[in-house]
Amino acid sequence: MINIAVMGYGTVGSGVVEVINTNGAGIGERIGEELYVKYVLDLRDFPGDPVQEKIVHDFETIINDDEVKIVVEVMGGIEPAYTFVKRSLQAGKSVATSNKALVARHGAELLSIAKEKNINFLFEASVGGGIPIIRPLNSSLTADEIEEITGILNGTTNYMLTKMFYEGADYDTVLKEAQDNGYAERNPEADVEGYDACRKIAILSSLISGQQVDFEDIYCEGITEITVEDMKYAKAMGTTIKLLASSKRRHNRIHAIVAPCMLYPDHPLYNVNDVFNAIFVHGNVLGDAMFYGSGAGKLPTASAVVADVVDAAKHLNRNIMTMWKQDKLKLEDKGDAKRRFFIRMKGNAEEMEDDLKYSFGDIEVVRVEGLDDEFGFVTPVMMEGDYDTRAKSYEGQILHMIRIQDQNR
């Protein structure tokens with residue numbers, strides 16, 4: 001029997017217990033031993049719930065029990081999660097977590113402790129919820145140099161943008177609907193401002209580079225400025241708009257960004273809708289691969305956590321996780337990235353087209369019926385820094401800019 005402790009009995013923690021109770025027999029067969037939840041740490045009591053007999057309120061109970069071999073951290077936030085996880089690893093207990101904030105901030109250090117102790121710190125559920133991506137990067141794709149990871153990594157924003165695109169609803173309407181359906185928190189900032197996706201792409205960037213990528217260093221733009229008018233232009237152009245988190249390797253440098261992007265139908269992420277997430281990976285040997293599924297939710301996330309517990313149980317005295325060093329990676333400057341841009345502009349296209357071509361090059365004008373006092377245009381490929389410089393000449397006239405994610409490298 002392998003004893004585990006679950007820290008946090010919220011949505012994911014209760015899901016972890018449920019998954020183990022539901023699939024315990026099959027999990028035991030895969031491990032070769034029974035998996036048993038000995039403790040559940042929470043500040044609250046749960047009268048009437050069978051888990052109550054396992055509830056403890058003091059972390060010391062777990063840390064001082066040598067029978068507990070694996071600790072599951074699903075509390076969220078940095079503290080006390082960081083302290084509890086670090087102490088668990090130092091005590092020789094493997095840890096599985098879904099905590100993206102913890103992994104993004106302290107992943108390199110915690111992996112180093114796990115390696116030193118010959119145990120494991122595993123965090124599959126921290127990036128794609130129920131979508132496997134950490135394990136493939138750590139095992140299946142180790143023969144490749146990963147040149148790009150681009151993903152729809154936040155179900156809330158994908159749900160909102162899908163509604164805006166197909167139903168013509170405005171931002172405030174779809175946000176309220178997402179909150180009413182339980183897809184968005186009362187305070188949705190982490191999702192709609194892109195911070196959640198930014199932490200996730202920071203983790204993936206750290207893994208493919210082997211060095212620490214701080215999410216604060218990644219340019220991050222959310223969906224709060226996306227309008228009904230933007231969606232009308234997207235439809236007229238045959239594109240859709242998605243919040244993408246992207247990390248690309250160029251000449252041993254990594255460029256990372258989180259921002260809304262226009263996608264054409266040939267892009268593999270074009271048809272990823274509703275609350276679903278997807279992650280596109282390009283390797284120099286493999287070529288293209290896609291990972292698609294439920295990126296959040298109680299049981300999908302819990303499934304990924306329990307998969308890590310199974311992995312840890314099968315490797316109790318052997319470290320299996322790829323390292324990333326604590327040395328900080330300097331990211332490529334945002335201004336050096338090359339792409340096309342879609343720009344909405346006040347005014348009359350016929351009167352301004354020659355001037356805009358002089359400034360931006362061979363532009364392609366886009367008009368939408370009913371939007372009479374404005375027009376859109378698509379630039380040729382240019383560096384972000386060049387776009388910023390040229391756009392300054394049109395301050396007060398540019399209504400919005402959205403990047404275009406072309407399917408090429």
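The following dialogue examines salt bridges in a predicted model.

Mentor: In this predicted model, local features need pLDDT of at least 70, side-chain atom pairs count only at pLDDT 80 or more, and totals for chains, interfaces and linings use all residues. Residues are numbered from 1 along each chain as its sequence is written, and side-chain values use heavy atoms, with hydrogens and water left out.

Trainee: Why is the contact of Asp-65 and Lys-38 called a salt bridge?

Mentor: A salt bridge is a side-chain nitrogen of Lys or Arg within 4 Å of a carboxyl oxygen of Asp or Glu. The N to O distance between Lys-38 and Asp-65 is 2.7 Å, so the pair meets that definition. The structure holds 29 salt bridges.

Trainee: Why is Asp-65 called buried?

Mentor: Its relative accessible area is 11%, and buried means under 20% (exposed is over 50%, partly exposed in between; 1.4 Å probe, protein chains only). Asp-65 is therefore buried.

Trainee: What makes Arg-344 and Asp-230 a salt bridge?

Mentor: Their closest N and O atoms are 2.9 Å apart, so the pair satisfies the cut-off. Arg-344 lies in strand β15 (residues 338-346) and Asp-230 in helix α11 (residues 228-236), so parts 114 residues apart in sequence are tied together. Helices (H or I, at least four residues) and strands (E, at least two) are DSSP runs, numbered from the N terminus.

Trainee: How do you know which class Arg-367 and Glu-350 each belong to?

Mentor: Arg-367, at 48% relative accessibility, is partly exposed, whereas Glu-350, at 53%, is exposed. Their side chains meet in a salt bridge at 2.6 Å, N to O.
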